[in-house]
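These are my notebook entries on a single model, taken up one topic at a time. I wanted to look up backbone outliers, a helix pair and the nonpolar cores.

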Amino acid sequence: MYDGLGFETDDFSANHISRETQTPELLIVNVKGKSLSLLAEISGYLNFAENQVQGVILNNCAKGMYPVYRKMIEEKLNLKVYGFLPQLKEAEIGSRHLGLVTAQEIEDLKMKIEIMGKAAAESLDLDGILALAESSSELTYEELEITPVCKKPVKIGVAKDKAFCFYYEDNFELLTALGGELVFFSPMEDDALPEGICGLVFGGGYPEEHLKRLTANQSMMSSIKEAAGKGMPIYAECGGFMYLGSTITKDGETFETVGVIDGNSHMTEGLVRFGYKTLTANRDNLMCKAGEQIRCHEFHYSDTDHHGDGFTAAKSSGKCWQAVVASDTIFAGYPHLHLWSNRRFAENFVRKCGEFGGRLWR
C-alpha cells in the first residue's frame, strides 16, 4: 500500500495513486493467527499517512470466525468490512523467486479461478464493493496523439513463451501506435526467427528455468546471432539480456547462450539492484541520444559480469551505477523500461527497425 519509489515518501505507491485520483481504497488483511493484534495492524495502516481507506477485506478467514472479526473491526475502528476469503488450498497458485508461477504453466488454472470466483460470490460483499467503486471521482485525461514514425507497418519480432513472458501491455500499445506490427515467436519452440521482421524484442522472464530447451534450440540461437550480425535492431530486458549473453550459470552448470553480447549471468540468493530508477544515456545509441533519460525498474535474482556502460542508472537515494549494453543496433540490460516516460526511445526503436527493413537479413 505504501511502498513506492523509495524510503523517504510513498510516491508512486498504490496509496499515492489513490490520493491523486481520489479513489477509495480497500485494505486486504491476513487474519491468520491474529486476534487483537489485527486491530493494531489495521490501525497502523489507517493512521500512518493520508489515505483513502474506506474498508477492509479479510483474507485466510474461517467462515465461523468472520462475524467475530467483523464486529471487532467495525465497532472498535469504525471501519466497514466488505467480506472475507477463506483459505482455499485447492486454488493456491505456486510462487518462485520472481513471484507467481505464470498462467500458461498452470494446467488447472481455469478450475482454480472458478473455485476462487465461487468463494468470492459467497463471502464478499460484491454489491457494497461496486457501490464503493462508483462513489469515486470521475477520471479525465487528455488523449495523447501518437503518430506512426514509418510510412508502412514495420514487423517486429517479440519473444514470448514460458521463458520470456514479462511484458507491459502499454509498451506494446505504444510500439504498435508508432507503426510496429508485433510478431510473436518462441525461442524455445520455433526453429528460426519469423520471416520479414525488421527488429527484435526480448522481454524478461525465466530463461534460467528453461536453459536446456533454450540452448538445445541451436537453430534459433544461430538465427538470432545472424540477424544481430546483419545489424537488426535488438531491444532486450532482464531475461532477454541474459539470453543474449555468452553463458548462463545455474546450480553449478554453465550453458552457452546466444552470444550476441559478452558476459556470463548467474543466479544469486536474493534480489539484485531491485527498485525504481532513472537511466541517463552516456552516449548516442539505438534508443536515444547522449544525455536523454527514461524511467525503469529492476527485479531479478541473477547478476552478470558484463553490465554494460551505455547508461548511468540512478535510484532516488542518489546511488548510481553503470548499466546496459548500448550500441547503434543493440539495447540490452537488466532494466525494464517504461517507454511512455520517454516516447522518443520507442520512436527511435521503431524508426530504426523501419530503416533496417529494406535490407533482407537472410
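Entry one, backbone. I began with Val324, which lies in the loop between β19 (320-323) and β20 (325-326), bearing in mind that this is a predicted model. Although Val324 is not a glycine, its phi is positive, at about 80 degrees. I then asked whether Val324 is buried or exposed. Val324 is buried, with a relative accessible area of 0%.

I next turned to Asp251, in the loop between β12 (247-250) and β13 (253-256), where phi is near 50 degrees, again a positive value in a residue other than glycine. Asp251 is exposed, its relative accessible area being 74%.

Entry two, helix pair. I looked up how helix α2 (residues 37-48) packs with helix α3 (residues 66-76), and found an angle of about 45 degrees with the axes 11 Å apart. The two helices, α2 and α3, are therefore oblique to each other, and their crossing is right-handed. Leu38, Leu39 and Ile42 of α2 meet Tyr69, Met72, Ile73 and Lys76 of α3 in this contact, which by class has six nonpolar residues, one charged and no polar.

Entry three, cores. I noted that the largest nonpolar core has 68 residues, of which Phe202, Leu337 and Leu339 touch the most other members. Helix α10 (residues 343-356) supplies the largest share of this core, six residues. Following Leu337 further, and not counting residues up to four places away in sequence, I found that it touches residues including Tyr235, Leu279, Met287, Phe331 and Phe345, as well as Glu237 and Arg295. A second, separate core of 17 residues includes Leu27, Val29, Leu39 and Cys61.

Terms used
Residues are numbered from 1 along each chain as its sequence is written. This is a predicted model: local features need pLDDT of at least 70, side-chain atom pairs count only at pLDDT 80 or more; totals for chains, interfaces and linings use all residues. Side-chain values use heavy atoms; hydrogens and water are left out. Axes are lines fitted to C-alpha atoms, for helices over the stretch in contact, and angles run from 0 to 180 degrees between N-to-C directions. Helices (H or I, at least four residues) and strands (E, at least two) are DSSP runs, numbered from the N terminus. Angles under 35 degrees count as roughly parallel, over 145 as roughly antiparallel, 65 to 115 as roughly perpendicular and the rest as oblique. A crossing is left-handed if the near helix is turned anticlockwise from the far one by less than a right angle, and right-handed if clockwise. Contact means heavy atoms within 4.5 Å. Ala, Val, Leu, Ile, Met, Phe, Trp, Tyr, Cys and Pro count as nonpolar, Asp, Glu, Lys and Arg as charged, and the others, Gly among them, as polar. A nonpolar core is a set of buried Ala, Val, Leu, Ile, Met, Phe, Trp, Tyr and Cys residues joined through side-chain atoms within 4.5 Å. Buried means under 20% relative accessible area, exposed over 50%, partly exposed in between (1.4 Å probe, protein chains only).
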